[in-house]
Amino acid sequence: KQWYQRRVAITAGDLKRISREEVKEKWDVLDKIEKKRLQKEAKALNNIHGIQSGMKTKAFRAISAYQAYSKEHMNLGMKMTEIGPKWKSLDEDKKKEYQTIADEANRERKASMNEQLNEQSSSP
């Protein structure tokens, strides 16, 4: 415990907090070439550490059987107000078919997202 307290005291004393305003002031003073160099360097460091700079990854959200059914029927020209009641009256076998369709679509989407993430992490 003593070692930890000494370690924290040393690192806390060495660090200086810089406000956003101070960072902005220093950034504004730099010329375009220096800014580009720093951005490129930051992007490279982020890639090394697995951070996607400037790009947020969407979490994978699986579609449901109802969503697969809705999409198919909306493409046929039905309105959402008509689709809901039809879904409720659908027998379980038909609902299972749409669940199979949704599961397949989810597998494809997940594989595609994983492929994109692998491409982004491997590119410099």
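Is E97 buried, exposed or partly exposed? Select it and turn on the surface: E97 is partly exposed, at a relative accessible area of 44%. Keep in mind as you click around that this is a predicted model.

**Stop one: helix α6**

Stay on E97 and add K94 to the selection. Their side chains meet in a salt bridge, 3.9 Å from N to O. Both residues sit in helix α6, three residues apart, or about one turn of the helix. K94 counts as partly exposed too, with 38% relative accessibility.

**Stop two: helix α3**

Now jump to helix α3, residues 32–48, and pick R37 and E34. Here the closest N and O atoms of the salt bridge are 2.6 Å apart. R37 and E34 are three residues apart in the helix, so about one helical turn separates them. R37 comes out at 40% relative accessibility and E34 at 27%, which puts R37 and E34 in the partly exposed class. Add E41 before you leave: salt bridges with shared partners join E34, R37 and E41 into one network.

**Stop three: helix α2**

Next, show K24 and D28 as sticks. Both belong to helix α2 (residues 20–29), four residues apart, again about one turn. They form a salt bridge whose closest N and O atoms are 3.1 Å apart. K24 is exposed at 51%, just past the 50% cut-off, while D28 is partly exposed at 44%. Over the structure, the salt-bridge count comes to five.

**Stop four: the aromatic rings**

Time to hide the charges and show the rings. A search of the whole structure turns up four aromatic pairs. Start with Y66 and W87, an edge-to-face pair with 5.7 Å between centres and 70° between planes. This pair ties together distant parts of the chain: Y66 is in helix α4 (residues 65–75) and W87 in helix α5 (residues 80–89), 21 residues apart. W87 is buried, at 14% relative accessible area, whereas Y66 is partly exposed at 29%.

Then move along to Y69 and Y98. Their ring centres lie 5.0 Å apart with the planes at 85°, so this pair is edge-to-face. It is another link between distant parts of the chain, with Y69 in helix α4, Y98 in helix α6 (residues 92–122), and their positions 29 residues apart. Both Y69 and Y98 are buried.

**Last view**

Finish by selecting Y66, Y69, W87 and Y98 together: ring pairs link these four into a cluster. Leave helix α6 in cartoon for this view, as Y98 lies in that helix, and so do E97 and K94 from the opening stop.

Conventions. Residues are numbered from 1 along each chain as its sequence is written. This is a predicted model: local features need pLDDT of at least 70, side-chain atom pairs count only at pLDDT 80 or more; totals for chains, interfaces and linings use all residues. Side-chain values use heavy atoms; hydrogens and water are left out. Rings of Phe, Tyr and Trp (its six-membered ring) pair if their centres lie within 6.5 Å; planes under 30 degrees apart count as stacked, over 60 as edge-to-face and the rest as tilted. Helices (H or I, at least four residues) and strands (E, at least two) are DSSP runs, numbered from the N terminus. Buried means under 20% relative accessible area, exposed over 50%, partly exposed in between (1.4 Å probe, protein chains only). A salt bridge is a side-chain nitrogen of Lys or Arg within 4 Å of a carboxyl oxygen of Asp or Glu.
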